Amino acid sequence: MLTPSGLSDIAIQPAEYAEKNGLSLLEGNVVKYISRWKKKGNPLEDLTKAKHCIDLLIEIHNVK
């Protein structure tokens, strides 16, 4: 399996986890960004991306 940057040392790849657990693209992206944020040169970038995906989920599903 190909391993994306910053994810080579985790036990289960976020894409595999998302697929096996029926997560949407946005939910899977949150898992991906949270799984790798500590390993990136700019950790705020992945945390911001995860937050953006969560904000979209809240908006799309009208969560109040």
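**Exercise 1. Charges and surface**

Find how far apart the mean positions of the positive and negative charges of the chain lie.

*Solution.* In this predicted model, the chain carries 9 positive and 8 negative charges, and the mean positions of these two groups are 4 Å apart. Turning to the surface, the chain exposes about 4,700 Å², of which carbon and sulfur atoms supply 58%. Buried residues, for their part, make up 22% of the 64 residues.

**Exercise 2. The overall fold**

Work out which pattern the chain follows when it is read along the sequence.

*Solution.* Begin with the elements: the chain has three helices and zero strands. Reading along the sequence then gives the pattern α-α-α. The C-alpha atoms, taken along the principal axes, fill a box of roughly 35 × 30 × 15 Å. As for the contacts between residues at least 6 apart in sequence, 39% of them join residues at least 24 apart.

**Exercise 3. The nonpolar core**

Identify the residues of the largest nonpolar core, and then the elements that give two or more residues to this core.

*Solution.* The largest nonpolar core has six residues, namely Leu 26, Val 30, Tyr 33, Ala 50, Cys 53 and Leu 57. Two or more residues of this core come from helix H2 (25-36), and two or more come from helix H3 (43-60). Val 30 serves as an example: once its neighbours within four places in sequence are left aside, Val 30 is in contact with Ala 50, Cys 53 and Ile 54.

**Exercise 4. A salt bridge between helices**

Locate the salt bridge of Asp 46 and Arg 36, and decide whether these two residues are buried or exposed.

*Solution.* The structure holds four salt bridges. In one of them, the side chains of Asp 46 and Arg 36 meet at 2.7 Å, N to O. This pair links distant parts of the chain, since Asp 46 lies in helix H3 and Arg 36 in helix H2, 10 residues apart. Both Asp 46 and Arg 36 are buried.

**Exercise 5. Salt bridges within helix H3**

Explain why Glu 45 counts as partly exposed, and describe its salt bridge with Lys 49.

*Solution.* Partly exposed residues fall between the cut-offs of 20% and 50% relative accessible area, and Glu 45 counts as partly exposed because its relative accessibility is 37%. The side chains of Glu 45 and Lys 49 meet in a salt bridge of 3.4 Å, N to O, and both residues lie in helix H3, four residues apart, about one turn of the helix. Lys 49, at 30% relative accessibility, also counts as partly exposed. Asp 55 forms a salt bridge with Lys 51, with the closest N and O atoms 3.1 Å apart.

Note on methods: Residues are numbered from 1 along each chain as its sequence is written. This is a predicted model: local features need pLDDT of at least 70, side-chain atom pairs count only at pLDDT 80 or more; totals for chains, interfaces and linings use all residues. Side-chain values use heavy atoms; hydrogens and water are left out. Buried means under 20% relative accessible area, exposed over 50%, partly exposed in between (1.4 Å probe, protein chains only). Contact means heavy atoms within 4.5 Å. Accessible areas come from the Shrake-Rupley method with a 1.4 Å probe; for residues, only the protein chains shown count as cover. Lys and Arg count as positive and Asp and Glu as negative; His and the chain ends are not counted. The place of a charge is taken as NZ of Lys, CZ of Arg, CG of Asp or CD of Glu. A nonpolar core is a set of buried Ala, Val, Leu, Ile, Met, Phe, Trp, Tyr and Cys residues joined through side-chain atoms within 4.5 Å.
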